[in-house]
Each structure stands twice: as structure tokens, then as C-alpha cells.
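Colleague: I am new to this structure and would like a close look at a single part. Please take me through the largest pocket and what surrounds it.

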Amino acid sequence: RLLKIIMKPAMVLTYIFGFLLVYDNSYVVSEVYFILKLFFVVFLTVFHFYLSILYKNFKKGYRSKSSNFYRKINEVPTVLMILIISLIIIKPNLQI
């Protein structure tokens with residue numbers, strides 16, 4: 001239920017509001033912190049789909065990974081969210 005009711009709608013809303021932000025403030029696309037944040041969000045989306053596949057395999061009884069693997073990948077979304085939120089709050093002046 002968590003995957004269908006909360007996570008997927010939240011991801012869709014995040015992309016909708018992100019596109020609205022870029023449409024309303026097109027100058028942010030030239031900011032390095034925004035491009036970096038966008039990269040992390042896309043990576044988080046790809047990771048979300050990977051975890052969905054693992055979940056479906058787990059429901060079918062396929063457990064090819066160790067429990068240590070699942071404990072480690074459980075921390076990836078947390079680290080990504082900390083990085084994304086830090087980029088939003090700090091808005092570092094990065095130069096390319």
C-alpha cells in the first residue's frame with residue numbers, strides 16, 4: 001500500500017511541481033545547484049523503480065540478495081534526500 005498510495009503519487013506530484021517551478025522561474029536551469037539537485041532527483045527516481053522491482057521479486061519469493069544488501073540500500077534514499085534538501089536550503093554558489 002505504501003508504494004501505491006504514498007510513494008508513486010508523491011513522485012508524480014514532485015515532478016509536476018518541479019516542472020511548474022522551472023516553467024515559472026526558467027533562470028534556475030542555469031544554476032549549478034539546481035542541475036545537481038535535478039540529477040539527484042532523477043537518480044532517486046531510477047532507484048525508486050529499482051526498489052519496486054526488488055519488492056515485486058521479493059513478493060514472488062526471489063531473494064537473490066543478502067539481508068546485509070537490503071540494509072545498505074535502505075540508507076540510499078535517506079542520503080539522497082539529505083543532499084537534495086541541503087542543496088535547496090544552502091544553494092551553494094558552484095562554478096563550472
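Modeller: Here is the pocket, followed by some residues from the helices. This is a predicted model, in which local features need pLDDT of at least 70, side-chain atom pairs count only at pLDDT 80 or more, and totals for chains, interfaces and linings use all residues. Residues are numbered from 1 along each chain as its sequence is written, and side-chain values use heavy atoms, with hydrogens and water left out.

Rolling a probe the size of a water molecule over the atoms shows where empty space is left. The largest pocket holds about 1,100 Å³ of space. A pocket here is an open set of points on a 1 Å grid over the protein atoms alone, where a 1.4 Å probe fits, with protein on both sides within 12 Å along at least five of seven lines. Its volume is the space filled by probe spheres set on the points, which are joined across faces, edges and corners.

The largest pocket is lined by 33 residues; lining residues have an atom within 4 Å of a point. Closest to its centre are Met-7, Leu-44, Thr-45, His-48 and Met-81. Helices H1, H2, H3 (67-73) and H4 (76-90) each supply at least two lining residues. Helices are DSSP runs (H or I, at least four residues), numbered from the N terminus. H2 gives the most, with 13 residues.

Take Thr-45 in helix H2. Thr-45 counts as buried because its relative accessibility is 12%. Buried means under 20% relative accessible area, exposed over 50%, and partly exposed in between (1.4 Å probe, protein chains only). Thr-45 touches Met-11 and Tyr-15, not counting residues up to four places away in sequence. Contact means heavy atoms within 4.5 Å.

Tyr-33 also lies in helix H2, which spans residues 32-60. At 12% relative accessibility, Tyr-33 counts as buried. Tyr-33 touches Val-28, Leu-87, Lys-91 and Pro-92, again leaving out residues up to four places away in sequence. Tyr-33 and Leu-94 are 61 residues apart along the chain, and their C-alpha atoms are separated by 6.7 Å.

Now turn to helix H1. Ile-16 lies in this helix, residues 2-24. Its relative accessibility is 42%, so Ile-16 counts as partly exposed. Tyr-23 lies in H1 too. With 73% relative accessibility, Tyr-23 counts as exposed. The C-alpha atoms of Tyr-23 and Ile-85 are separated by 21 Å, with these positions 62 residues apart along the chain counted as their spacing.
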